Amino acid sequence: MTVLITGVAGFIGFHMAMKLCRQGVQVVGIDNLNDYYSVDLKRARLAQLENLPAFEFQQLDIVDRRSLSGLFSSHGFSEVIHLAAQAGVRYSIDNPSVYADANLVGFLNVLEACRAHPVKHLIYASSSSVYGANTKMPFAVEDAVEQPVSLYAATKRANELMAYSYSHLYRIPATGLRFFTVYGPWGRPDMALFKFTRAILAGEPIDLYHDGEMARDFTYIDDIVESMNRLLPRPPPLVDGVAPSQLFNIGRGEPVKLLDFVRCLESALGIQAKRNCLPLQPGDVLHTWADVSGLAQWIDFSPQTGLEQGVAEFVRWYGDFYPGKKLMTASGWA
């Protein structure tokens, strides 16, 4: 069993590779190490993985079709976990071509490689952003998703449709995961928890959009990884000629207001945040809330980690990774 993880130097890819390698699974990870955020953080994640004998890394861009095809040909992957993508809702406003390259062309190359070199299961990252302007709560995979409010969301919905067509045509077992606001240690610096922690410790104000009245279904990284680990050996079946393709929400199933999220972080840091209230930004949605019943039924598991525990774990990691940043005694550092 050799599993390919694309985007392995990213937040979720790193944690997933760590989980599989510790279970004795052979993992090949690829990443183009772009500079959308700190390459040093990506290299630090890779340094953790490269200590594991079951891990192999190759710097490779999924947009490079020939190199990707060669990698598939030389390794004979049993499963593929496709996480490489250009992330970020607001970044897509000013950099649309980057999303077309990575999220559309890159994903097409992955699908073509899986067609030419069949795999037992393709798991790929979608996003809760596909729900766009939907107002029915909680979001269910059966809901129509025809109103994306950002190009990022549109590319992720396109990925779902592309995967279904390849599953139908070439019988590739494919599972798409609509991630809901993933957070935790080794997280992305462009995400709220990371940005807020950095600003609070520096004595700078945090930006609260829509007066902090937005709500997100925050999902802890360990729960994400456990869900994916259980999904890997459970590809969708081919039944009565229907494409072996499925979609799942992967979230905590409990929306939290941004203001409550900030209060939780303030408690973990022992510092009160200075707040800068701003209007809703283009591409943002007011609320996300995952219906995770389908996932729970399929793998007999649903995310369990509470926000206080998850935020405290992130703060602990942040204090270790950035030792020059002083945390208050409430979090165990002086």
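**Exercise 1. Place Ala85 in the chain and describe its surroundings.**

Solution. Begin with the secondary structure: Ala85 sits in the loop that links strand S4 (79-82) to helix H4 (91-94). The model examined here is a predicted one, and every step below should be read with that in mind. Next, consider accessibility: with a relative accessible area of 33%, Ala85 is partly exposed, because that class covers values between 20% and 50%. Then look for residues distant in sequence: Gly7 is 78 residues away along the chain, yet the C-alpha atoms of Ala85 and Gly7 are separated by 7.2 Å. Finally, list the contacts: once neighbours within four places in sequence are set aside, Ala85 touches Ala102, Asn103 and Lys156.

**Exercise 2. Is Asn134 buried or exposed, and which residues does Asn134 contact?**

Solution. Locate the residue first: Asn134 belongs to the loop between S5 and H6. Its relative accessible area is 15%, and Asn134 is therefore buried, since the cut-off for that class is under 20%. Leaving out neighbours within four places in sequence, the contacts of Asn134 are Phe139, Asp143, Ala144, Val145 and Gln147.

**Exercise 3. Describe how strand S6 is enclosed and paired.**

Solution. Start with burial: strand S6 covers residues 174-179, and 6 of its 6 residues are buried, so the strand is largely enclosed by the rest of the structure. Now sort the side chains by direction, recalling that in a regular strand the side chains alternate between the two faces of the sheet. In S6, Ala174, Gly176 and Arg178 point one way, while Thr175, Leu177 and Phe179 point the other way.

Continue with the partners. Strand S5 (residues 121-127) runs parallel to S6 and is joined to it by 6 bridges, with Leu122 standing opposite Ala174. Between these two strands the chain passes through helix H6 (residues 151-170), and the resulting β-α-β crossover is right-handed. Strand S11 (residues 245-250) also pairs with S6 in the parallel sense, over 6 bridges, and here Phe179 stands opposite Ile250.

**Exercise 4. Which residues have the most contacts inside the largest nonpolar core?**

Solution. The largest nonpolar core has 70 residues, and Ile5, Phe179 and Val311 have the most contacts inside it. Take Ile5 as an example: not counting residues up to four places away in sequence, Ile5 touches several residues, including Met16, Leu20, Val27, Ile30 and Leu83. Apart from this core lies another, of 24 residues, with Val28, Leu60, Val80 and Phe107 among them.

**Exercise 5. Describe the buried side of helix H2 and the contact at its start.**

Solution. Helix H2 spans residues 39-49, and its buried residues are Leu41, Lys42, Ala44, Arg45, Leu46 and Leu49. These buried residues pack against helix H1 (11-22), strand S3 (55-59), helix H7 (192-201) and helix H11 (307-321). At the start of H2, the backbone nitrogen of Asp40 has a side-chain oxygen of Ser38 within 3.2 Å.

**Exercise 6. Why do Cys114 and Cys277 form no disulfide?**

Solution. The structure holds 0 disulfides, and the cut-off to keep in mind is that the two sulfur atoms must lie within 2.5 Å. For Cys114, the closest cysteine sulfur is that of Cys21, at 19 Å, which is too far for a bond. For Cys277, the closest cysteine sulfur belongs to Cys264, and its distance of 19 Å is likewise too far for a bond. As for their surroundings, Cys114 counts as buried at 1% relative accessibility, whereas Cys277 is partly exposed at 45%.

How values were computed. Residues are numbered from 1 along each chain as its sequence is written. This is a predicted model: local features need pLDDT of at least 70, side-chain atom pairs count only at pLDDT 80 or more; totals for chains, interfaces and linings use all residues. Side-chain values use heavy atoms; hydrogens and water are left out. A nonpolar core is a set of buried Ala, Val, Leu, Ile, Met, Phe, Trp, Tyr and Cys residues joined through side-chain atoms within 4.5 Å. Buried means under 20% relative accessible area, exposed over 50%, partly exposed in between (1.4 Å probe, protein chains only). Contact means heavy atoms within 4.5 Å. Helices (H or I, at least four residues) and strands (E, at least two) are DSSP runs, numbered from the N terminus. Two strands pair if DSSP finds at least two bridges between them. A crossover is right-handed if, with the strands pointing away from the viewer, the path from the first strand over the helix to the second runs clockwise. A polar contact is a pair of N or O atoms within 3.5 Å; within protein, one must be able to donate a hydrogen and the other to accept it, and residues adjacent in sequence count only if both atoms are side-chain atoms.
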